[in-house]
Amino acid sequence: MHHTDILIAGGGFAGLACAKSLAERGIAVTLLERKKAPGVGMHTTGIIVKECADEFAIPEHLTRKVTDVRLYAPSLRYIDLASPDYFFLTTDTPALMRHLSDEAAKAGAEILYDTPYESAGRQGESIRVNGTSSCRFLIGADGPRSRVADDFALGKNTQFLLGAEAEYEGLTLADGNAFCCFLDRRLAHGYLGWAIPGVGVAQVGLASRLPHKPDIDVFTARLGQVFDFSQAKVLARRGGLIPVGGLVNPFARGNVILLGDAAGIVSPLTAGGIHTALHYGTALGNAIAAHLHHGGTHPAQAMQRVYPRFRAKRILRTAYETLAPNWLLDAVLTNPLFTRLASDVFFKKKQLR
Ligand SMILES: Cc1cc2nc3c(=O)[nH]c(=O)nc-3n(C[C@H](O)[C@H](O)[C@H](O)COP(=O)(O)OP(=O)(O)OC[C@H]3O[C@@H](n4cnc5c(N)ncnc54)[C@H](O)[C@@H]3O)c2cc1C
């Protein structure tokens, strides 16, 4: 039987950040990831917000800086939004995942690819995983359909956006420095569509609140009125679920703790989860290390205090989903109050917790 202090199921942003912070503090940590290698089969657009770039050292050569937001109404009229020192980073996401994996391994974490988490159960004080390993803490960082949550009767999200995206070469966006966002309740119910310059590519996608489904072909045809697709070639397609119901309840039981999308710590409004995954992954690693080294606060209690509840954002999401028909979005586009709210959503995320 292989014994380790901490076992993490899932090697996405959250699992890798947690593994790195634990290993840096001298804790024995093993991470199980079902993918064959880091960076394969990515589902995310990979846009990183300024707050995340300020907090974590993201290698510059894996990113592209985008400073403006162009917001289109359903009629395709638009407004430009900007904030003097705000920016987004698009990323070469597979390469970024390889970087995060290397960093965690360099710190001393054992990272096992092609090794799914299959099952676990309690055995006295420890947790037995896959019938072959045991650990003191099990971290479920295995995404919104968390198997760890199933095995330990933890909370799971029931509200999801479904996102779909295509990556193009040969597609020039109108403003090479703008994150173009498209409001349209029929095409992207409860969310929006986007077109953004990526690292050597252009990324075009949309998401809808399930049970409404995003139709990327219809959306792309609509974008043909704005961008020239004549030379555009699809290089890759991706997509997946984004949990938008907020923090799950319970997110921990004993020494089993959920993290990242599995815990529901994704902004219900912007659907951004990379920064929270990295931030709270690191915080959970620190909390477990402090507990194991010095005793005191249980890490689940520590996270109870800091995990975001997204109260304001959940209210705004419900309002946007239920009260924003296309005619209203067209009518309010240039209204100063709407422009202010849109700027706050894009540039002042912290104030909207
Ligand atoms: C289409 C789309 C676009 C998005 N765009 C953005 C964006 O631009 N910016 C942003 O901030 N957020 C975005 N998000 C959200 C963001 O990607 C997630 O919030 C973030 O990836 C969460 O990280 P995580 O580590 O919790 O989960 P994940 O990144 O989903 O990682 C979970 C990992 O667990 C592994 N796993 C699952 N089950 C098992 C198992 N049984 N055994 C072993 N391993 C397992 C998976 O293979 C995966 O590697 C987007 C999401 C989608 C779907």
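**Exercise 1. In this predicted model, work out how the strands β3, β7 and β4 are arranged in their sheet.**

Solution. Three strands form this sheet, which is open and antiparallel in its pairing, and their order is β3-β7-β4. The next step is to find the edges: β3 (48-49) and β4 (63-66) each pair on one side only, and they are therefore the edge strands under the pairing rule that asks for at least two bridges between two strands. Turning to one of the pairings, β4 and β7 (residues 88-91) run antiparallel to each other and are joined over four bridges. A single pair of residues can be picked out to locate this pairing in the structure, since T63 has T91 of β7 as its bridge partner.

**Exercise 2. Describe the chain as a whole, and decide how its radius of gyration compares with the globule rule.**

Solution. Begin with the secondary structure, which comes to 10 helices and 18 strands. The radius of gyration is 21 Å, close to the 20 Å that the globule rule gives for 353 residues, so the chain is as compact as a globular protein of that length. Along the principal axes, the C-alpha atoms fill a box of roughly 60 × 40 × 35 Å. Of the 353 residues, 46% are buried, and among contacts between residues at least 6 apart in sequence, 73% join residues at least 24 apart.

**Exercise 3. Identify the two domains of the chain and describe the side of domain 1 that touches domain 2.**

Solution. The chain is divided into domain 1, made of 2-42 + 92-158 + 245-312, and domain 2, made of 48-91 + 159-244 + 320-352. Their centres, taken over C-alpha atoms, are separated by 29 Å, and 25 residues of domain 1 are in contact with 24 residues of domain 2. On the side of domain 1 that touches domain 2, the elements giving two or more residues are α3 (93-107) and α6. The residues of that side divide into 11 nonpolar, 12 polar and two charged.

**Exercise 4. Determine which parts of the chain surround the ligand.**

Solution. Start with the residues themselves: there are 37 around the ligand, of which G10, G12, G163, G260 and G273 come nearest. At the level of elements, α1 (13-24), β12 (160-169), β16 (233-243) and α6 (274-294) each supply at least two residues of the shell, and β16 gives the most, with four residues. At the level of domains, the shell draws at least three residues from each of domain 1 and domain 2. Finally, the shell divides by residue type into 14 nonpolar, 16 polar and seven charged residues.

How values were computed. Residues numbered from 1 in each chain as written. Predicted model: local features only at pLDDT ≥ 70, side-chain atom pairs only at ≥ 80, totals over all residues. Near = placed C-beta within 6 Å. Nonpolar A, V, L, I, M, F, W, Y, C, P; charged D, E, K, R; others polar. Domains from an automatic or database assignment. Rg over C-alpha atoms; globule rule 2.2 N^0.38 Å. Buried ≥ 20, exposed ≤ 12 C-beta atoms within 10 Å, placed from the backbone. Contact = placed C-beta atoms within 7 Å.
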